[in-house]
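Trainee: I'd like a close look at just one part of this structure, the packing inside it. Take me through it slowly, please.

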Amino acid sequence: MTTVGSQSVSGTQVDAQQARQVAEEARESRWDRPSFGKELFLGRLRIDLIDPLPEAEPSVGGEAFLERLREFCEAKVDGQQIERDAWIPDEVINGLKDIGAFGIKIPREYGGLGLPAVYYHRALMLVTTVNPSIGALLSAHQSVGVPQPVQLFGTERQKQKFLPRCVREITAFLLTEPDVGSDPARLAASAVPSEDGQRYTLNGVKLWTTNGVLADLLVVMARVPESEGHRGGITAFVVEGAAEGVTVEHRNAFLGLRGIENGVTRLHNVVVPAENRIGREGDGLKIALTTLNTGRLSLPAMCAAAARWCLRIARGWSSQRVQWGRPIGEHEAIASKVSFIAATAFALEAVVEVSGRLADADRHDIRIEAALAKLYSTELAWQVADELVQIRGGRGYETAESLAARGERGVPAEQVLRDLRINRIFEGSSEIMKLLIAREAVDTHLSVAGDLIDPKADLPRKARAAARAGSFYARWLPTLVAGKGQVPTGFAEYGPLAEHLRFVERASRRIARQTFYGMTRWQARLKHRQLFLGRIVDIGAELYAMSASCVYARTDDQDESAVELADAFCRQARQRVENLFRRLWHNTDADDRGLARRVLEGRYSWLEEGILDPSIDGPWIAETAAGPSRHENHRRTVPNSGTVST
């Protein structure tokens, strides 16, 4: 096994079957605890799993921290300066450290604040509305950086060594490579063990390392070659950001989130002690996926905050801007947009709050719920921001500074639109999220009947699978015929929201039937019907958001008007669900696949003539040959100051 530059079988020479096998081996296959999301895709609306909703335990320390954070943001943080300079000032970073913002979830015994997820999400919502780059800074550190994998998989010695540092130091997560995105089987960074097994030597190049430019500690995923005494495989390591051989070769610039410290990091002969390995050799991808599963709720929290802000601006502007004798919000074309923004803002908050409380209660398996929350929130928040820009018209396209310079309120609508766009790509693109959720949604089917559709299964395996499948489907299929959703008095305790839960219950059974039809029609080829599976997941996401909204609207701390918002959201969502069901079987998917194939073959290259391409010349993917860095080190050092307030 060699390093990045050689592109061995651990790099690009991986076929589709090998890639799927690596991903399958890394996923958590057990379902030891109940899952609302899993039951939903099986046609069972287990509303009892989220209602009554676990109480958000009030925390004196949590409330005090949020108040300190609010005061700091109001007094010390200039979001427009961060946007102008593409830089979060040292004093802001140190101020966040001083009030404990880098250790929100780190247990108190290791120096952190030890707050539950609900308070972490509320903190992210607060800082995101000042500048989303601050939210990205804190989230990349605490959701996927060193603290999370060390807490979940580290030894007690590792926790004592690293977690106290994470309260005042910045960390980053290094997985993606220039030629490796969502296909980890091709990961090429290497970690070669020494003969005595006391250390590893890391080589590789990592791309899009959020916080990597200024990180004091890194979580690096690298491949250990299999050898005598070494299990090998993708493995997780904690690496010092200032270690010899670590070079930040480039600080990346983006469409939005201009203040994030995201770069390209080269590791050349970086020596890491074996005691810095997290978990066993070969467990790195499982650690990465589990870390992402538990950390995915940070993006929904930030999306919910953006939607709330969009609602505030839409309300203020639509009531003040007058056209044709009336405020624009009274015109139907704008009113529909305001309605969508308000209803969706409530639903995104409900999804975050319900998912966060489930995470804190730690009684359920929420991998599907967290993934649905990430997928749904990032997609809908982007639509909300887009509608706000449209409502604002030319002012929506104009920058806040330009607006303020000519004497108007500097509303950064275009900035929010730019900043939100990355969330549909961050931590698993929407397309990858749909495939991930779809795999979990059909897990029960594959566990009982997988060998029936596996071309590599022999006859005895197929026979056993047929027996299992016959027994399971004989019990399961009849449950999809009728249910509580067809009873006029079903869910009556939810008052005006009862009709929506009856719809969710009927749609849950319907989605289960459609999934079964898809499996019987395409069998092993179902995994290639990504658009069909994506629509199944989109329906499930809408149903989860509807369920969360109905439950959240009835919690004791909600205003009575919350039921009105939940009702409006559910009516809008039902229209989207019906359209998705129709498009499961009535679509242009086959035509689109054929057209795309011909496009890639160059059949329509004539359509590209008569234009100029302003792209800067270069390869589609940068070369990443092994060896020492030939670039200046762009690593940024933020001097520590002060102590953490508790």
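Mentor: Let's pin down one term before we go in: a nonpolar core here is a set of buried Ala, Val, Leu, Ile, Met, Phe, Trp, Tyr and Cys residues joined through side-chain atoms within 4.5 Å. Keep in mind, too, that you're looking at a predicted model.

Now, the largest nonpolar core has 96 residues, and Leu 543 and Phe 569 are the ones with the most contacts inside it. Helix α21, residues 530-553, gives this core its largest share, 15 residues. There's another core apart from it, with 40 residues, including Val 220, Leu 267, Ala 274 and Ile 287, but let's stay with the big one.

Go to Phe 569 and look around. Leaving out residues up to four places away in sequence, Phe 569 touches Ala 343, Thr 344, Ala 347, Tyr 376, Glu 542, Ala 545, Met 546, Ser 549 and Arg 576. Some of those names come back in a helix crossing: the axes of α12 (residues 332-361) and α22 (residues 562-585) come within 8 Å and cross at roughly 105 degrees. So α12 counts as roughly perpendicular to α22, because that label covers 65 to 115 degrees. On the α12 side, the contact is made by Ser 339, Phe 340, Ala 342, Ala 343, Thr 344, Phe 346 and Ala 347. On the α22 side, you'll find Ala 562, Leu 565, Ala 566, Ala 568, Phe 569, Gln 572 and Arg 576. Phe 569, then, is part of that contact as well as one of the residues with the most contacts inside the largest core.

Next, the other one of that pair, Leu 543. A handy way to reach Leu 543 is from Ala 507, which touches both Leu 543 and Phe 581 if you skip residues up to four places away in sequence. Ala 507 lies in helix α20, residues 498-522. Is Ala 507 buried or exposed? Ala 507 is buried, because its relative accessible area is 4% and the cut-off for buried is under 20%. For a sense of scale, Ala 507 and Ala 75 sit 49 Å apart in space, C-alpha to C-alpha, and 432 residues apart in sequence.

Stay with Phe 581 for a second: the charged end of Arg 510 sits over its ring, 3.9 Å from the centre.

Now follow α20 to Phe 516. A search of the whole structure turns up 14 aromatic pairs. One of them joins Trp 476 and Phe 516, edge-to-face, at 6.2 Å centre to centre with 70 degrees between the planes. That pair links distant parts of the chain, 40 residues apart: Trp 476 is in helix α19 (residues 459-476) and Phe 516 is in α20. Both partners are tucked away by the numbers: Trp 476 is buried at 2% relative accessible area, and Phe 516 also counts as buried, at 17%. Zoom out a little and Trp 476 and Phe 516 belong to one aromatic cluster with Phe 472, Tyr 473 and Tyr 517.

One last stop, to set beside the Arg 510 arrangement. Arg 636 lies over the face of Trp 87, at 3.9 Å from the ring centre. You'll find Arg 636 in the segment after α23 (589-600), and Arg 636 is buried, with a relative accessible area of 6%. Apart from neighbours within four places in sequence, Arg 636 is in contact with Trp 87, Ile 88, Pro 89, Asp 90, Ile 93, Val 213, Leu 214 and Glu 261.

Terms used
Residues are numbered from 1 along each chain as its sequence is written. This is a predicted model: local features need pLDDT of at least 70, side-chain atom pairs count only at pLDDT 80 or more; totals for chains, interfaces and linings use all residues. Side-chain values use heavy atoms; hydrogens and water are left out. Helices (H or I, at least four residues) and strands (E, at least two) are DSSP runs, numbered from the N terminus. Buried means under 20% relative accessible area, exposed over 50%, partly exposed in between (1.4 Å probe, protein chains only). Contact means heavy atoms within 4.5 Å. Rings of Phe, Tyr and Trp (its six-membered ring) pair if their centres lie within 6.5 Å; planes under 30 degrees apart count as stacked, over 60 as edge-to-face and the rest as tilted. A charge sits over a ring if NZ of Lys or CZ of Arg is within 6 Å of the ring centre and within 35 degrees of the ring normal. Axes are lines fitted to C-alpha atoms, for helices over the stretch in contact, and angles run from 0 to 180 degrees between N-to-C directions. Angles under 35 degrees count as roughly parallel, over 145 as roughly antiparallel, 65 to 115 as roughly perpendicular and the rest as oblique.
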